[in-house]
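The following exercises are to be worked with the sequence and the model at hand. Each task is followed by a solution in steps.

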Amino acid sequence: MLIIKDIYNLNTYLKAFRDKGYSIGYVPTMGALHEGHGSLIEKSHNDNQKTIISIFINEKQFNDTEDFEAYPRNKGDDYNFCEKHNVDLIFEPSTVEIYPKEYKSIQNSHFKNILCDQYRPGHFDGVVTVLNRLFNIIDSDKVYFGEKDFQQLKIVENLIKENFPNLKLVPVSTVRSAEGIALSSRNYKLSKKQMIDFISFQKGVIQFIANLDKETDLIEANNKAKEFIKSYEKFDYFEFRNESDLSLEGSLGDARLFYAIYKSGVRLIDNLEL
Ligand code: AMP
């Protein structure tokens, strides 16, 4: 397994892969890897001859410095994880490598002022800026994104449509624990007790949506969602949205429940299908 830190060396290996006619799958991550990332890697192995993963904690997408500084980092474990999953190449660039002085940020213009965009202003500008750069550097055939970050997935779909017509986006279903919790790097920040509380919250949510009829209109369903979440200590949003355009229109059969809640300062997001 190769661990490459700079674009110059990366290009040498990418060229060698391409000269041999290998197809390349790419999995962008911010490290603190878990089996959610593992599932993206495995999907890429199924589709491609070579799989590249990037590990880069992109400061530009954190609207809060404290959140950036507190983001979990565990390099050694990440290398072992990639080795175990037969990753061919880890690209782990420095910030200067990704953002040279002349590098210009770009702005996201899709799915604005709703869900995470509403509560993390500038977050998706940071996401599209880094991905625009990484997609140009890596120039893979396919790229893998998790449904766990559903709004991000939809925004990336548009970025690719507009700027990278030859790149194929492959969405991957959310990997969950036996209790139904979406695996996330941020879960590492929870104490045992906080995790137990979170599991009990998630079980309640699963039960709540299981009792709803798929024909229910989203307006009515969102009234019920408001009622369900109103006593929860801290949350940004907890609402059903149409999964094709993230609007509040349609019925539950075409929707997902999106939430962002806080557990002792840790922001946790998920989206659940009915
Ligand atoms: P992150 O390192 O959190 O930026 O995530 C990198 C990629 O892994 C993104 O495409 C995420 O949507 C995806 N991902 C994170 N958690 C999961 C999960 N539990 N299941 C599937 N994909 C995930």
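**Exercise 1. Locate D139 and state what marks its backbone.**

Solution. The model is a predicted one. Begin with the position: D139 belongs to the loop between α7 and β5. Next, consider the backbone angle: D139 has a positive phi of about 45°, although the residue is not a glycine. For comparison with the general rule, most residues other than glycine have a negative phi.

**Exercise 2. Locate S264 and state its phi.**

Solution. S264 is found in the loop between β8 (255-263) and β9 (266-273). Its phi is positive, about 45°, and S264 is not a glycine.

**Exercise 3. Describe the shell around the ligand.**

Solution. First, count the residues: 16 surround the ligand, and the closest are H37, G146, D149, V175 and L183. Second, assign them to elements: β2 (24-29), α2 (35-47) and β5 (142-146) each contribute at least two residues of the shell. The largest share, three residues, is supplied by α2. Third, sort the shell by character: seven residues are nonpolar, seven are polar and two are charged.

**Exercise 4. Identify polar atom pairs between protein and ligand, and state how far the ligand is buried.**

Solution. Take the oxygen atoms of the ligand to begin with. A polar side-chain atom of D149 lies 2.6 Å from a ligand oxygen atom, and a backbone N or O atom of G146 lies 2.9 Å from an oxygen atom of the ligand. Then turn to nitrogen: a backbone N or O atom of V175 lies 2.9 Å from a nitrogen atom of the ligand. For the area, the ligand taken alone exposes 490 Å², of which the protein buries 92%. As to its site, the ligand sits in the largest cavity.

**Exercise 5. Classify the ring pair of Y26 and F135, and state which parts the pair ties together.**

Solution. The count of aromatic pairs comes to 18, with ring centres required to lie within 6.5 Å. For Y26 and F135, the ring centres are 6.4 Å apart and the planes stand at 90°, so the pair is edge-to-face. Finally, place both residues: Y26 lies in strand β2 and F135 in helix α7 (residues 123-138), so the pair ties together parts that are 109 residues apart in sequence.

How values were computed:
Residues are numbered from 1 along each chain as its sequence is written. This is a predicted model: local features need pLDDT of at least 70, side-chain atom pairs count only at pLDDT 80 or more; totals for chains, interfaces and linings use all residues. Side-chain values use heavy atoms; hydrogens and water are left out. A polar contact is a pair of N or O atoms within 3.5 Å; within protein, one must be able to donate a hydrogen and the other to accept it, and residues adjacent in sequence count only if both atoms are side-chain atoms. Accessible areas come from the Shrake-Rupley method with a 1.4 Å probe; for residues, only the protein chains shown count as cover. On a 1 Å grid over the protein atoms alone, a cavity is a set of points where a 1.4 Å probe fits but cannot get out, and a pocket is an open set with protein on both sides within 12 Å along at least five of seven lines; lining residues have an atom within 4 Å of a point. A molecule sits in a cavity or pocket if more than half of its atoms lie within 2 Å of its grid points. Helices (H or I, at least four residues) and strands (E, at least two) are DSSP runs, numbered from the N terminus. Ala, Val, Leu, Ile, Met, Phe, Trp, Tyr, Cys and Pro count as nonpolar, Asp, Glu, Lys and Arg as charged, and the others, Gly among them, as polar. Rings of Phe, Tyr and Trp (its six-membered ring) pair if their centres lie within 6.5 Å; planes under 30 degrees apart count as stacked, over 60 as edge-to-face and the rest as tilted.
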